[in-house]
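Thanks for making the time today. I would like to walk you through a structure that is probably new to most of you, so please have a look at it first.

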Amino acid sequence: MAGEQGREVMAVPGSPLDPRCHGSNDLIRNGAALIERVEDILTILTPQQRRTTPVVAASPVTPVDDGDLGRAHLEIERLLSPSPALVDDLIRLSGLSAAIVQMVLTEKELAGAVLRHPGNRVSLA
């Protein structure tokens, strides 16, 4: 499908005796670029990267006030419970930015106070 969209297709060859390598070997047989080293990838992507990579000015990083962070911790603690909750719900209910909520959850997870669950859910440990 990538080839049909005009994108580069690359594959690392495998042993013809290994049935798990049939897919990558078939891609090469049908025109994918053979990749043996990192340089092979760089040779293919570098000219393309020069053409398509737009220059974007870096946005200024806004520092987080310690008071705001403390309030964010309290708000997230209020919303968390032993039953898993969606991170998106915490963002919506708290009114905090996604970055702040993720930062608070990561800090709490590292401290052992929060558990991560499948489906982007979190709960109190």
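I will begin with the chain as a whole, then turn to the sheet, and end with a pair of helices.

Please keep in mind throughout that what you see is a predicted model. The chain has five helices and five strands, and if you read along the sequence, these elements follow the pattern β-α-β-α-α-β-α-α-β-β. Of its 125 residues, 21% count as buried. If we take the contacts in the chain with a separation of 6 or more, residues 24 or more positions apart account for 42% of them.

Now to the sheet. Three strands form an open sheet, in the order β3-β5-β4, and their pairing is antiparallel. The edge strands are β3, which covers residues 85-86, and β4, which covers residues 114-117, and each of these pairs on one side only.

Let me take the two pairings in turn. Between β3 and β5, which run antiparallel, there are two bridges, and here Ala85 has Val122 in β5 as its bridge partner. Between β4 and β5, where β5 spans residues 121-124, there are four bridges, and these strands also run antiparallel. On this side Arg116 stands opposite Val122 in β5, while His117 has Arg121 in β5 as its bridge partner. You may also want to look at how the chain gets from β4 to β5: the two strands form a hairpin with three residues between them, and in the turn Gly119 has a positive phi of about 80°.

What packs on this sheet, and which strands does it touch? It is helix α5, residues 98-110, which touches β4 and β5, and the direction of α5 makes about 110° with that of β4.

That brings me to the helix pair. The axes of α5 and of helix α4, residues 87-94, come within 10 Å and cross at roughly 120°. An angle of that size falls outside the ranges for roughly parallel, roughly perpendicular and roughly antiparallel, and α4 and α5 are therefore oblique to each other. Their crossing is right-handed.

Which residues meet where these two helices come together? From α4 there are Val87, Leu90, Ile91 and Ser94, and from α5 there are Ala98, Val101, Gln102 and Leu105. Sorted by character, the residues of this contact divide into six nonpolar and two polar, with no charged ones.

That is the picture I wanted to share, and I am happy to go back to any part of it.

Note on methods. Residues are numbered from 1 along each chain as its sequence is written. This is a predicted model: local features need pLDDT of at least 70, side-chain atom pairs count only at pLDDT 80 or more; totals for chains, interfaces and linings use all residues. Side-chain values use heavy atoms; hydrogens and water are left out. Two strands pair if DSSP finds at least two bridges between them. Contact means heavy atoms within 4.5 Å. Axes are lines fitted to C-alpha atoms, for helices over the stretch in contact, and angles run from 0 to 180 degrees between N-to-C directions. Angles under 35 degrees count as roughly parallel, over 145 as roughly antiparallel, 65 to 115 as roughly perpendicular and the rest as oblique. A crossing is left-handed if the near helix is turned anticlockwise from the far one by less than a right angle, and right-handed if clockwise. Ala, Val, Leu, Ile, Met, Phe, Trp, Tyr, Cys and Pro count as nonpolar, Asp, Glu, Lys and Arg as charged, and the others, Gly among them, as polar. Buried means under 20% relative accessible area, exposed over 50%, partly exposed in between (1.4 Å probe, protein chains only).
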